[in-house]
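Student: Could we go through this one together? I'd like to see how you reason from a structure.

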Amino acid sequence: VVGSGPLAHQAVEEIRANPQEGLRLVGYVEDGSGGEAPGGLRRFGEIEDLPLVVTTLEIGDVILAGAPDRSEILTGAVRSCARTEARVSLVAPTPT
């Protein structure tokens, strides 16, 4: 999971509530939002570390759950994942 704000926490809750989807949460990388670890996940560094984390841990799916106002950072994360074998999913905020 990329991010530690409310959207990341929501994504972790959804993934855990739907084990039939086959996703296994490994940890998260911080996107600079400074939030608490989503769902108590292990922190694997900063967003700049994402390609190394994905490659080293052989991550198959990256869930981008950063704040929408951090789109420049999230775009960079997508680009860095393009150099790996990981699939990237973007969590969109729920309309209020």
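**Helix H3 and the salt bridges**

Tutor: Sure, and keep in mind that this is a predicted model. Let's begin with what packs over helix H3: what covers its buried residues includes helix H2 (50–56), strand E3 (61–64) and strand E4 (87–90).

Student: Which residues of H3 are buried?

Tutor: H3 runs over residues 71–81. To count as buried, a residue needs under 20% relative accessible area. In H3 those are Leu-74, Ala-77, Ser-80 and Cys-81.

Student: Why do the buried residues sit on the same side of H3?

Tutor: An α-helix has 3.6 residues a turn, so residues three or four places apart point the same way. The buried ones here are Leu-74, Ala-77, Ser-80 and Cys-81. They are on the same side of H3 because the arc they cover around the axis is only 120 degrees.

Student: And which exposed residues are on the face turned away from the buried side of H3?

Tutor: Exposed means over 50% relative accessible area. On that opposite face, the exposed residues are Glu-72 and Arg-79.

Student: How many residues apart in sequence are the parts that Asp-61 and Arg-87 tie together?

Tutor: Asp-61 and Arg-87 form a salt bridge, with their closest N and O atoms 2.8 Å apart. Asp-61 belongs to strand E3 and Arg-87 to strand E4, so the parts they tie together are separated in sequence by 26 residues.

Student: Is Arg-87 buried or exposed?

Tutor: The cut-off for exposed is over 50%. Arg-87 has 55% relative accessibility, so Arg-87 counts as exposed.

Definitions and conventions: Residues numbered from 1 in each chain as written. Predicted model: local features only at pLDDT ≥ 70, side-chain atom pairs only at ≥ 80, totals over all residues. Heavy atoms only, no water. Buried < 20%, exposed > 50% of the residue type's maximum accessible area, 1.4 Å probe, protein only. Helix = DSSP H or I, 4+ residues; strand = E, 2+ residues; numbered from the N terminus. Arc of directions from axis to C-beta. Contact = heavy atoms within 4.5 Å. Salt bridge = Lys/Arg side-chain N within 4 Å of Asp/Glu carboxyl O.
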